[in-house]
Amino acid sequence: GFLATLESDVRSECAGKCGPVAKVRAFPNHPDGVVSVRFKFPQAAAKCVSVMHDRWFAGRRIEADLFDGRTNYAVKRKKESEEEQRERLEAFSRELEG
């Protein structure tokens with residue numbers, strides 16, 4: 001689905017430009033469209049911030065920063081049906097594709 005594709009694309013982009021990636025996780029309920037990337041080495045994380053911060057993707061500015069160790073990005077959304085979730089994710093996908 002869309003989230004798996006997004007995570008895969010982010011993993012490929014970050015690994016190619018910054019260094020080995022340990023984990024990528026999209027937070028589909030977060031209103032800002034958060035994706036976290038954990039690198040195998042701290043230097044790769046620092047490079048990611050410098051390479052990705054203020055880039056533009058699908059008409060949206062990317063903000064990249066190091067994790068503060070406290071922020072919980074797993075926002076809970078109102079209970080929605082599978083159909084509502086599918087429609088929401090498809091709309092987000094269309095927005096990203098322009």
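Me: Is F67 buried or exposed?
Reply: This is a predicted model, in which local features need pLDDT of at least 70, side-chain atom pairs count only at pLDDT 80 or more, and totals for chains, interfaces and linings use all residues. Residues are numbered from 1 along each chain as its sequence is written, and side-chain values use heavy atoms, without hydrogens or water. The relative accessibility of F67 is 55%, and the cut-offs are under 20% for buried, over 50% for exposed and partly exposed in between (1.4 Å probe, protein chains only). F67 is therefore exposed.

Me: How many residues apart are F27 and Y73, which form an aromatic pair?
Reply: The whole structure holds 3 aromatic pairs (Phe, Tyr or six-membered Trp rings, centres within 6.5 Å; planes under 30 degrees stacked, over 60 edge-to-face, the rest tilted). F27 and Y73 form a tilted one, with 5.8 Å centre to centre and 50° between the planes. F27 sits in the loop between strand 1 and strand 2, and Y73 in the loop between strand 4 and helix 3 (DSSP runs numbered from the N terminus: H or I, at least four residues; E, at least two). The pair links distant parts of the chain, 46 residues apart.

Me: Which class of exposure does Y73 have?
Reply: F27, its partner in the tilted pair, has 10% relative accessibility and so counts as buried. For Y73 the relative accessible area is 25%, so Y73 is partly exposed.

Me: What is the centre-to-centre distance between F67 and Y73?
Reply: Ring pairs join F27, F67 and Y73 into a cluster. The F67 and Y73 pair is tilted, with 50° between the planes, and its centre-to-centre distance is 6.4 Å.
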